[in-house]
Amino acid sequence: MKVLHIITNLGQGGAEAVLYRLIEATHQKINHRVVSLQGAGVYGPRLRRIGVNVETLDMPRNKLKFSGLWRLRKIIRDCSPDIVHTRLYHADLVGGVTALLSGAPPVIWTIHSSDLGTLHKSWKTRFVRRICAILSHWIPSAIVADAKNTKKVNVSLGYSSKNFIVINNGIDLSTFHPDHRARQNLRNELNIQEDQILLGFVARWDPLKDHSNFLQALSIVKRSNHKFVCVLVGSDITPQNTSLMQLVNENNLNEHVILLGPQNDIPAIMNALDLHILSSFSESLPLSIMEAMASGTPCVVTDVGDTALIT
């Protein structure tokens with residue numbers, strides 16, 4: 001079977017991680033090919049290392065280029081896939097319409113978002129989602145949601161309810177499990193003292209993750225004189241991110257926060273933490289919470305998406 005996956009980008013995010021794990025587990029039996037509307041990100045090189053053909057259209061974020069669309073149409077025709085599997089709103093729209101115009105086989109959409117929050121996403125994304133809701137009655141043969149709340153929210157926005165299938169996110173318990181050695185090694189590397197509490201937040205820089213709220217909460221903890229260090233992990237979580245650094249400075253947390261950026265060894269990080277925190281405005285079924293809990297690390301989360309069902 002030949003499956004052509006079309007995704008918005010291949011950066012370090014939950015949807016991208018799920019795609020990688022799906023392909024990693026099945027690539028010896030299924031001929032996978034991946035197209036990113038943007039760049040190769042973190043997962044593009046990883047997919048290539050296991051022999052998967054990855055192509056990038058290098059279109060700017062939230063912008064379409066005719067050359068990119070024309071190339072995608074050519075890829076679909078040359079690939080002649082048995083299934084076109086798109087993931088995330090922009091890829092659902094672009095990939096779905098292009099596949100339809102290319103005479104492609106059944107299209108499957110996958111949605112990883114529930115309530116985007118109109119104040120925290122651009123009008124372009126809201127417009128794309130509205131168009132997807134209208135086209136959901138004609139283009140996809142099936143729509144896969146990763147959480148019950150994801151289905152509920154998107155159906156309320158006009159998506160076709162009859163085509164929805166809920167397949168919950170999952171994690172590999174052979175990868176995420178309590179590991180005392182990994183915990184101690186990373187804490188030593190970060191110079192965490194025995195009497196310090198290590199907090200963590202694993203999430204990309206995105207308004208939906210609400211790092212502002214998270215850092216304000218840390219400033220309150222600081223005033224209580226608890227000895228703690230907090231690591232932030234994810235795409236754009238670096239000192240070069242001026243907006244993030246401004247939040248850190250405003251809350252006087254320079255001595256308490258370590259910005260690690262994107263990391264490969266997430267199991268070690270989850271084991272090293274004493275507490276994992278998620279402050280998101282919106283989630284579907286967050287992988288980071290399942291990964292932390294599987295590693296034996298307790299979590300404090302906002303009540304969004306299906307987080308209450310897994311915590």
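Which helices and strands do the buried residues of α4 pack against? The views below answer this and look at other parts of a predicted model.

**View 1. Helix α4 and its neighbours.** The buried residues of α4 pack against three helices and three strands by name: α3, α5 (123-135) and α6 (148-156), together with β1, β4 (83-87) and β5 (107-111). α4 is mostly covered, with 10 of its 13 residues buried. Look for Y89, H90, A91, D92, L93, V94, G95, G96, T98 and A99; these are the buried residues of α4. The helix also has the expected length: at 1.5 Å a residue its 13 residues should span 18 Å, and its end C-alpha atoms are 18 Å apart. Just after α4 comes G103, with a positive phi of about 70 degrees.

**View 2. Helix α3 and its buried face.** α3 covers residues 66-79, which makes 14 residues. From first C-alpha to last it reaches 20 Å, close to the 20 Å expected at 1.5 Å a residue. Five names to find here are G68, L72, I75, I76 and C79, which are buried. Seen down the axis of α3, these buried residues fall within an arc of 95 degrees, so they line one face of the helix. A general rule helps here. An α-helix has 3.6 residues a turn, so residues three or four places apart point the same way.

**View 3. The two sides of α3.** What lies over the buried residues of α3? The cover includes the strands β1 (2-7), β2 (31-36) and β3 (53-56), and also helix α4 (89-101). Now turn to the face away from the buried side. F66 and D78 are exposed there. Just after α3, S80 takes a positive phi of about 50 degrees.

**View 4. Y20 and Y43, a tilted ring pair.** The whole structure holds five aromatic pairs. In one of them, the rings of Y20 and Y43 have their centres 5.5 Å apart. Their planes meet at 35 degrees, so the pair is tilted. Y20 lies in helix α1 (residues 14-26) and Y43 in helix α2 (residues 43-49), so the pair ties together parts that are 23 residues apart in sequence. Y20 and Y43 are both buried. Y43 has a charged partner too: the charged end of R46 sits over the ring of Y43, 4.8 Å from its centre.

**View 5. A cluster of rings at W109, Y159 and F164.** Ring pairs link these three residues into a cluster. Y159 and F164 form a tilted aromatic pair. Their centres are 6.2 Å apart, with 55 degrees between the planes. Both Y159 and F164 are buried.

**View 6. Strands β8, β9 and β10 side by side.** β8 (residues 197-202) pairs with β9 (residues 228-233) in the parallel sense, over six bridges. β9 and β10 also run parallel, joined by four bridges. Follow the residues across. F201 stands opposite L232 in β9, and L232 stands opposite L259 in β10. β8 is mostly covered, with five of its six residues buried.

**View 7. The two faces of β10.** Side chains alternate along β10 (residues 257-261). V257, L259 and G261 point to one face and are buried. I258 and L260 point to the other face and are not buried.

Notes: Residues are numbered from 1 along each chain as its sequence is written. This is a predicted model: local features need pLDDT of at least 70, side-chain atom pairs count only at pLDDT 80 or more; totals for chains, interfaces and linings use all residues. Side-chain values use heavy atoms; hydrogens and water are left out. The expected span of a helix is 1.5 Å times one less than its number of residues. Buried means under 20% relative accessible area, exposed over 50%, partly exposed in between (1.4 Å probe, protein chains only). The arc is that of the directions from the helix axis to the C-beta atoms. Contact means heavy atoms within 4.5 Å. Rings of Phe, Tyr and Trp (its six-membered ring) pair if their centres lie within 6.5 Å; planes under 30 degrees apart count as stacked, over 60 as edge-to-face and the rest as tilted. A charge sits over a ring if NZ of Lys or CZ of Arg is within 6 Å of the ring centre and within 35 degrees of the ring normal. Two strands pair if DSSP finds at least two bridges between them.
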